[in-house]
Amino acid sequence: MQALTCDILVIGAGSGGLSVAAGAAQMGADVILLEGHEMGGDCLNYGCVPSKALIAAATRAQAMRGAAPYGIAPVEPQVDYAAAKDHVAEVIAQIAPVDSQERFESFGVRVIRAWGRFVSETEVEAGDYRITARRVVVATGSSPLVPPIPGLDAVPYLTNETLWSLKVRPSHLLIIGGGPIGMEMAQAHARLGCRVTVIEGARALGRDDPEAAALVLARLKAEGVEVVEGAQVVSVGAGPRITVADGRVFDGSHLLVAVGRRASVDWLNPDAAGIAVTKAGIKVDARLKTSNRRVYAIGDVAGGMQFTHLAGYHAGIVVRSAVLGLPAKARTEHIPRATYTHPELAQIGLTEAEARAAHGARLAVARFDFHHNDRLLTERHGAGFIKAMVVRGRPVGVTIVGAQAGELVALWSLVMANGLKMSAVSAMVSPYPTVSEINKRVAGAYFTPKLFENDTLKAVVRLIQRWMP
Ligand SMILES: Cc1cc2nc3c(=O)[nH]c(=O)nc-3n(C[C@H](O)[C@H](O)[C@H](O)COP(=O)(O)OP(=O)(O)OC[C@H]3O[C@@H](n4cnc5c(N)ncnc54)[C@H](O)[C@@H]3O)c2cc1C
Ligand SMILES: NC(=O)c1ccc[n+]([C@@H]2O[C@H](COP(=O)([O-])OP(=O)(O)OC[C@H]3O[C@@H](n4cnc5c(N)ncnc54)[C@H](O)[C@@H]3O)[C@@H](O)[C@H]2O)c1
């Protein structure tokens, strides 16, 4: 076994680990990066990139079916499912060089393609190496949770790791779980010509604002997706055949399990390093330090929200702390999330219900409906709304459902990260006609009662007008 030393040891070359390694090495730190599987991690190989590429193929198919209102003869597309998967693979291959071993070696990072395992509080073994580092960053991500449902282990099933290599179009895809993975893949597969049934134990898109989620669900159902809610799966049989708690049975040709994620700590041997782990993942403080003060944990493994942009944000915090020695704490209130169904569903900060519980009567909710946006009307995408939850002039949360919701929510991260007020958003000017006017219009809606339903202001204006030459 060869002994190595470095300033920063990063375990896991996914969204979080790669960002730490690139930042730290380019600032002059001596960095070793471990990856036991594929460079790029979940997002590139099994998550965001393949799912959004498949959604893009499905969007094309749906546009062909829905062309009539634009004066173009609609056609039922001839979907080549295997070719759509080739498109997914091509997109991954196009992005892969950015996350490649060669690129990171060009930054001066020593990349070791092996699983890392703590052997003491300061040492990690990987392949033939024993590595001692000043600081360790655990960025090992998460993997699909496979629940102990009786019978599941005896039937073939898909997860987000195996779905992309399936080349035969499922005639009837059963999906267990109506979260973001389940709903994105349900709509994409329905649009690609599969019959789809989603079986959800509680409420589909249950973490989201119910009114916004209802709009997404109505669209999916209108497109033919069967969504069965309040249906806890209790057993799985051959076929596959799913039985839910009330006795109903669902038969399909393929099964996708999308019931959440579990933090990847199996290889790590965290006990050897005194790293505390809970059911959610590695326990971290606001600085992203684990119970071993020389070890940080970031991204999916750190037990909070699970998004690529969050892993990237965590990486920035750790680079400031572990490389530059600056105090840096992770915040959560300005981290957005978006589900890329059509319509898209985006959230930042508190939902209306959460904001009401937290702020009571101090809360004002401003709303703007997408059907008042001229650009969206030209596109015939007028379904949707934005709601801004505001306390003393500052947004504490924003919900957006509709076309480009994921793009629109980014502005609110700027606003909330910097403690800006609604007046800052209303002061902005968006080009006409753009979808981005929606953000300004919801700020306008916040001020409308203050400006147009204000008797004092009306009296003042009458006075000014009387005296104005
Ligand atoms: C289907 C799907 C769609 C998604 N879509 C989106 C989306 O649209 N937007 C979004 O923001 N997020 C999305 N996500 C979530 C996103 O993929 C994750 O939040 C993100 O990849 C987390 O990054 P990470 O660096 O924490 O972990 P990962 O990207 O999972 O990287 C962890 C890496 O560590 C490696 N590893 C694990 N253990 C060890 C070890 N002991 N030694 C060495 N290497 C190890 C793994 O092999 C892996 O490569 C999606 C997820 C899925 C499953
Ligand atoms: N657009 C995005 O950003 C995006 C897309 C996909 C995934 N992700 C990330 O991946 C994570 C995991 O997504 P997910 O959809 O797998 O998980 P999830 O936890 O969000 O949803 C899983 C759903 O499965 C249901 N469920 C659990 N056990 C069940 C059972 N036995 N029978 C029926 N239903 C059951 C739950 O009630 C829940 O609604 C997300 O939280 C998100 O962080 C993000």
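**Entry 1: the largest core**

I began with the largest nonpolar core of this predicted model. It holds 83 residues. I noted the members that touch the most others: Ile175, Ala186, Ile199, Leu256, Leu345, Val409 and Val442. Which helix gives this core its largest share? I found helix 11, residues 405-417, with seven residues. I then looked at the domains behind the core. Domain 2 (152-259) and domain 3 (336-452) each give at least three residues to this core.

**Entry 2: another core**

I found another core lying apart from that one. It has 56 residues. Among them I wrote down Ala263, Ala297, Ile298 and Phe307.

**Entry 3: Ala186**

I went back to Ala186, one of the residues touching the most other members of the largest core. What does Ala186 contact, once neighbours within four places in sequence are left aside? My list reads Ile175, Val196, Val198, Leu220 and Val225. Ile175 also stands among the core members that touch the most others.

**Entry 4: domains**

I looked up the domain assignment. Domain 1 comes in three pieces, 2-39, 100-144 and 262-323. Domain 2 runs over 152-259, and domain 3 over 336-452. I checked how far apart the centres of domain 1 and domain 2 lie, taken over C-alpha atoms: 34 Å.

**Entry 5: ligand 1**

I turned to ligand 1. How many residues surround it? I got 40. The closest are Gly12, Gly14, Gly41, Gly141 and Gly299. Four helices give two or more residues to this shell: helix 1 (15-26), helix 2 (41-45), helix 3 (48-65) and helix 8 (308-323). I sorted the shell by class. It has 15 nonpolar, 20 polar and five charged residues.

**Entry 6: ligand 2**

Ligand 2 has 27 residues around it. Gly177, Gly179, Gly201, Gly260 and Gln306 come nearest. I asked which element supplies the largest share of this shell. Helix 6 does, with four residues. That helix spans 180-191, and strand 17 (337-339) also supplies at least two residues. By class I noted 13 nonpolar, 10 polar and four charged residues. Domain 2 and domain 3 each give at least three residues to the shell around ligand 2.

**Entry 7: a database record**

I checked UniProt last. The unreviewed entry annotates residues 335-439 as "domain: Pyridine nucleotide-disulphide oxidoreductase dimerisation". What is the make-up of the chain over residues 335-439? I recorded 32% helix and 31% strand. The end C-alpha atoms of this stretch are 17 Å apart.

Methods
Residues numbered from 1 in each chain as written. Chains lettered and ligands numbered in written order. Predicted model: local features only at pLDDT ≥ 70, side-chain atom pairs only at ≥ 80, totals over all residues. Near = placed C-beta within 6 Å. Nonpolar A, V, L, I, M, F, W, Y, C, P; charged D, E, K, R; others polar. Domains from an automatic or database assignment. Core = buried A, V, L, I, M, F, W, Y, C linked by C-beta atoms within 7 Å. Buried ≥ 20, exposed ≤ 12 C-beta atoms within 10 Å, placed from the backbone. Contact = placed C-beta atoms within 7 Å. UniProt positions renumbered as here; feature names shortened; annotations may be inferred.
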